[in-house]
Amino acid sequence: MDATSTSRPPSAAYRNLLLATLGFTLTFWAWDLIAPLAGDYKDRLRLSSFQQSLLVAVPVLVGSLGRIPVGALTDRYGARLMFPVVSALTVVPVLLLIPARDSYGLTLAVGFLLGLGGTTFAIGIPLVNSWFPPDRRGFALGVFGMGMGGVALSGYVTPRIAEHDPHLPFLVVALALAGYAVLAALLLRDRPDRPVPTASLASRLRGAGRLRVTWELAALYAIGFGGIVAFGVYLPTYLKTWYGLSATDAGTKAAGFALVTVVFRPVGGWLSDRIHPALVTAGALGLVALLAIVQAFDPAMNPVGTLALLLMAAGLGTASGSVFALVSQVTPQPQVGSVTGIVGAMGGLGGFVPPLVMGAIYSAKDSYSIGFMLLSDLALAGCVYAYAKMRTVRPAS
């Protein structure tokens with residue numbers, strides 16, 4: 001059955017959505033294994049702040065860029081092959097973190113390989129997109145996107161498991177990935193009539209790169225998902241530095257921020273099934289722009305600051321879901337993986353400039369207000385562009 005010909009998805013669509021979301025969650029947990037333990041690495045290996053930041057950044061940067069070729073490979077070979085293979089291969093760097101943990105150079109090298117776990121986003125999007133009809137894709141893609149909660153899961157669970165045994169988190173994640181690889185190989189299925197491109201990987205990437213809509217979507221996703229990544233990286237530091245919170249309190253509030261973004265991602269997709277996703281994106285980014293101005297005036301943490309940050313999280317999560325609903329509408333089906341790879345890469349990379357800017361501004365001005373005003377300007381630009389330009393883009397056939 002062609003899933004795009006009816007508004008009622010087959011039962012296989014939901015099975016594949018569940019399996020893809022589970023795989024996305026587990027591989028994202030693996031992708032983020034080093035960050036929750038960065039303090040331990042810093043103390044044990046006597047790292048500078050720059051060395052610690054580099055250790056955390058390498059897997060994220062590699063995982064973001066790796067989505068580009070992995071998305072194109074998924075277009076060609078399908079998620080049925082790519083999900084089990086990538087999950088199984090990710091087991092290798094996860095286990096290598098055990099013998100490498102007492103060497104900064106080796107851990108950095110393994111972190112490079114660990115970036116593979118962050119590429120599965122570009123496998124799941126074309127899979128889910130192919131199984132669900134246009135009027136159900138937004139919500140389905142939003143549900144799949146909840147797998148990014150694997151990062152929050154890692155932040156909460158990994159250090160607690162490590163308290164029992166420093167090697168245990170790596171063993172637990174490796175076992176989970178291996179089990180999932182077997183499960184996916186047995187149960188995951190591509191849609192039988194999915195279009196399979198015959199052109200070379202390089203030519204397909206060039207084709208996706210020549211589509212104007214690829215870069216329009218990449219810019220919007222860099223604001224939405226990039227904002228989520230940026231807050232995930234920098235929010236604990238901001239809360240400790242500006243509001244004087246303890247590390248535990250700052251971590252708890254940051255986890256709450258991450259949870260809200262995860263919950264609102266399918267909300268963005270669900271809304272996009274009912275109204276144009278460009279309008280949803282514009283509204284969500286407009287909310288972020290407004291609340292960034294509120295936060296720029298340094299309100300008290302309770303209740304205004306907490307409310308502003310949580311509503312910003314809701315806006316960013318909603319925008320992340322609606323942008324990929326837009327991808328499914330304006331991208332030719334054979335190119336969804338390639339476009340997803342580029343858009344996903346820009347989203348991941350978009351999260352690493354803001355923390356650097358915020359840190360530099362605070363060092364120079366002893367204030368975060370300018371940084372939040374810049375965020376407001378960027379979100380407002382995305383809001384205006386989504387409303388003025390993207391709602392007129394015709395769905396690709």
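Leaving aside its neighbours within four places in sequence, with which residues is Leu26 in contact? In this predicted model, Leu26 touches Ala176, Leu177 and Tyr180 once those neighbours within four places are set aside. Leu26 belongs to helix α1, and its relative accessibility of 14% places it among the buried residues. Gly337 offers a long-range reference point: 311 residues separate Leu26 from Gly337 in sequence, and their C-alpha atoms are 20 Å apart in space.

## Salt bridges

Side chains of opposite charge can pair when their charged atoms come close. The structure contains 5 salt bridges. Three of them are set out below with their N to O distances.

| Acidic residue | Basic residue | N to O distance |
|---|---|---|
| Asp40 | Arg44 | 3.0 Å |
| Asp102 | Arg44 | 3.1 Å |
| Glu216 | Arg212 | 3.0 Å |

Asp40 and Arg44 share helix α2, which covers residues 38–45. The two residues are 4 positions apart, about one turn of that helix. Asp40 is partly exposed, with a relative accessible area of 36%, and Arg44 is likewise partly exposed, at 28% relative accessibility.

Arg44 also forms a salt bridge with Asp102, with 3.1 Å between the closest N and O atoms. Asp102 is in the loop between α4 (79–100) and α5 (104–114), whereas Arg44 is in helix α2, so this pair ties together parts of the chain that are 58 residues apart in sequence. Asp102 has a relative accessible area of 55% and is therefore exposed. A network of salt bridges links Asp40, Arg44, Arg101 and Asp102.

A further bridge joins Glu216 to Arg212. Both residues are in helix α11 (residues 212–243), and because they are 4 residues apart, about one helical turn separates them. The two partners differ in accessibility: Glu216 is buried at 12% relative accessibility, while Arg212 is exposed at 58%.

## Helix α5

Which residues of α5 are buried? They are Tyr104, Thr107, Val110, Gly111 and Leu114. Viewed down the axis of α5, these buried residues fall within an arc of 125°, so they line one face of the helix. At the N-terminal end of α5, Ser103 acts as a cap, with a side-chain oxygen placed 3.3 Å from the backbone nitrogen of Leu106.

## Aromatic pairs

The model has 16 aromatic pairs. One of them consists of Phe24 and Phe121, whose ring centres are 5.7 Å apart and whose planes make an angle of 45°, a tilted arrangement. This pair links distant parts of the chain, with Phe24 in helix α1 (residues 11–31) and Phe121 in helix α6 (residues 121–131), 97 residues apart. Both Phe24 and Phe121 are buried.

Phe121 also pairs with Phe324: the ring centres are 5.0 Å apart and the planes stand at 80°, so this pair is edge-to-face. Phe121 is in helix α6 and Phe324 in helix α14 (residues 301–330), so the pair ties together parts that are 203 residues apart in sequence. The relative accessible area of Phe121 is 2%, and Phe121 is therefore buried. Phe324 is also buried, at 1% relative accessibility.

Why do these two rings count as buried? The cut-off is under 20% relative accessible area, and Phe121 at 2% meets it, as does Phe324 at 1%.

Ring pairs join Phe24, Phe28, Trp31, Phe121, Phe144, Tyr221, Phe225 and Phe324 into a cluster. Phe24, which lies in helix α1, and Phe324, which lies in helix α14, are among the members of that cluster.

## Charges over rings

Arginine side chains are also placed over tyrosine rings. The charged end of Arg76 sits over the ring of Tyr77, at 5.3 Å from the ring centre. Arg391 lies over the face of Tyr387, at a distance of 4.0 Å from the centre of the ring.

## Overview

Contacts that join separate parts of the chain recur in this model. The salt bridge between Asp102 and Arg44 ties together parts 58 residues apart in sequence, and the ring pair of Phe121 and Phe324 does so for parts 203 residues apart. Other pairs remain within one helix, including Asp40 with Arg44 in helix α2 and Glu216 with Arg212 in helix α11.

Definitions and conventions:
Residues are numbered from 1 along each chain as its sequence is written. This is a predicted model: local features need pLDDT of at least 70, side-chain atom pairs count only at pLDDT 80 or more; totals for chains, interfaces and linings use all residues. Side-chain values use heavy atoms; hydrogens and water are left out. A salt bridge is a side-chain nitrogen of Lys or Arg within 4 Å of a carboxyl oxygen of Asp or Glu. Buried means under 20% relative accessible area, exposed over 50%, partly exposed in between (1.4 Å probe, protein chains only). The arc is that of the directions from the helix axis to the C-beta atoms. A polar contact is a pair of N or O atoms within 3.5 Å; within protein, one must be able to donate a hydrogen and the other to accept it, and residues adjacent in sequence count only if both atoms are side-chain atoms. Rings of Phe, Tyr and Trp (its six-membered ring) pair if their centres lie within 6.5 Å; planes under 30 degrees apart count as stacked, over 60 as edge-to-face and the rest as tilted. A charge sits over a ring if NZ of Lys or CZ of Arg is within 6 Å of the ring centre and within 35 degrees of the ring normal. Contact means heavy atoms within 4.5 Å.
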